[in-house]
Amino acid sequence: MALNLSSRHELVRQSEIRNMSVECDRMGGINLSQGISDLAVPKCVMMAAQKAIEGGYNSYTHFSGLEELRKAIAEKQKKYTGMDIDPENEIVVSAGSTGAFYCACLALLNPGDEVILFEPYYGYHKTTLVAAGAVPVYVRLSPPEWTFTDESLESVVSGKTRGILINTPANPSGKVFSKEELDRIAEFASNYDLFVFTDEIYEHFLYDGKEHIAPATIPGMRERTITISGLSKTFSITGWRIGYSICDPKWSRSIGYFNDLIYVCAPSPLQMGVAKGLIDLDKDFYQHISQQFQRKRDMVCNSLREANLNPFVPEGAYYILADISRIPGKSSNERCLYILREIGVASVPGSAFYHDKSGEKLARFCFAKEDYVLSEACTRLKSLK
Ligand code: PLP
């Protein structure tokens with residue numbers, strides 16, 4: 001009998017985002033493909049993590065996270081969304097929001113259950129669902145506003161539909177779901193008795209005065225909503241792996257048990273660092289993020305326009321989808337490789353965000369970079385004219 005990979009291995013492959021980064025590193029290019037922020041970690045966050053190591057926070061924590069962090073998350077959530085959360089029973093701290101979502105899928109979805117994903121989607125959402133045995137079904141968002149109709153939601157419902165996923169602000173489109181849209185989704189979710197998984201990791205990256213509305217705050221949504229977020233982006237700590245889910249105790253207990261099984265706990269001293277940041281950093285810190293990133297967004301959008309690569313200007317998050325159809329190539333992958341080889345700027349092929357061929361004319365550019373890096377990337381993009 002030959003040794004073989006499991007049948008499951010086919011479900012999870014190297015992401016196209018990683019592929020493009022590998023090629024970019026090989027060429028020494030500027031990497032606008034990965035969603036990694038180059039920006040500084042807030043000092044208080046770093047200091048508190050160091051202090052925690054020295055102060056003995058080096059063992060396993062409760063599988064739902066340190067009490068200090070759960071309390072800090074509950075307070076922050078109250079302050080910015082108005083939600084009243086019981087830190088004891090309604091929060092599970094996990095290995096990033098990625099870990100939080102995986103545990104939620106394992107706890108709440110059966111093999112074959114269908115979950116509605118808005119498209120363009122974030123690839124990890126799709127793959128996490130598939131890895132958990134669920135089946136993603138797609139509802140297309142129409143540019144430039146990335147809108148959807150009630151009919152498009154109704155058209156994908158089957159007897160197996162168990163959930164819907166909202167990513168607001170969204171990667172890659174930058175869409176910030178409006179109150180009116182969330183009301184419509186809430187009514188839909190109630191009608192079909194669906195779980196609502198939300199990914200709010202970009203909740204503080206908002207432009208042009210847009211407001212983040214936590215879907216769980218829409219009347220009737222609280223019990224069915226699994227709110228997922230994390231600090232990877234807000235505190236520029238993608239490697240720390242701190243995220244969380246917030247939900248009704250009916251669900252959180254089992255989500256916590258899966259978290260225990262897979263990760264045991266999130267890194268203890270880093271939980272303390274994040275707790276300190278959540279307590280100490282005030283509205284100014286978050287407003288500054290939005291201002292700083294809006295400027296970066298505008299800089300890259302202007303350069304893309306000059307290069308005749310029409311950008312869909314994002315309302316939030318830190319990515320821009322742009323129309324690269326004029327670039328030579330038969331697919332988005334070929335077009336992105338052409339851009340990388342011509343000017344040394346890596347982007348993500350639009351095909352990474354669609355289940356069919358609809359992304360072939362698009363590329364995603366990340367603008368979470370230091371100004372001097374972005375400025376050089378913009379000069380190069382403009383030279384593509
Ligand atoms: N969710 C979205 C929409 C993302 O874009 C990303 C990272 O790019 C993540 C989650 C990953 O978050 P974490 O580092 O908390 O796992």
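**Notebook: helix 4, the cores and K357**

I began with helix 4, residues 96–108, and asked whether its length fits its residue count: at 1.5 Å a residue its 13 residues should span 18 Å, and the end C-alpha atoms are 18 Å apart, which agrees. I keep in mind that this is a predicted model. I then listed the buried residues of helix 4, which are G96, S97, G99, A100, F101, C103, A104, C105 and L108.

Next I looked up the nonpolar cores. The largest one has 68 residues, and F235, V274, L278, F293 and Y318 are those with the most contacts inside it. I noted that helix 10, residues 283–306, gives the most to this core, with seven residues. Where does this core lie with respect to domain 1 and domain 2? Domain 1 (7–41 + 284–382) and domain 2 (43–280) both give residues to the core, so it lies between them.

I took V274 for a closer look and, leaving out residues up to four places away in sequence, found that V274 touches V45, L69, L231, F235, I237, W240 and I242. Apart from the largest core lies another core, of 29 residues, and I wrote down L141, I164, L182 and L362 as being among them.

Last, I turned to K357, which I found in the loop between strand 12 (348–349) and strand 13 (362–366). Is K357 buried or exposed? K357 has a relative accessible area of 65%, and exposed means over 50%, so K357 counts as exposed. I also checked K357 against S331: the two are 26 residues apart in sequence, and their C-alpha atoms are 8.8 Å apart in space.

Conventions
Residues are numbered from 1 along each chain as its sequence is written. This is a predicted model: local features need pLDDT of at least 70, side-chain atom pairs count only at pLDDT 80 or more; totals for chains, interfaces and linings use all residues. Side-chain values use heavy atoms; hydrogens and water are left out. Helices (H or I, at least four residues) and strands (E, at least two) are DSSP runs, numbered from the N terminus. The expected span of a helix is 1.5 Å times one less than its number of residues. Buried means under 20% relative accessible area, exposed over 50%, partly exposed in between (1.4 Å probe, protein chains only). A nonpolar core is a set of buried Ala, Val, Leu, Ile, Met, Phe, Trp, Tyr and Cys residues joined through side-chain atoms within 4.5 Å. Domain bounds come from an automatic or database domain assignment. Contact means heavy atoms within 4.5 Å.
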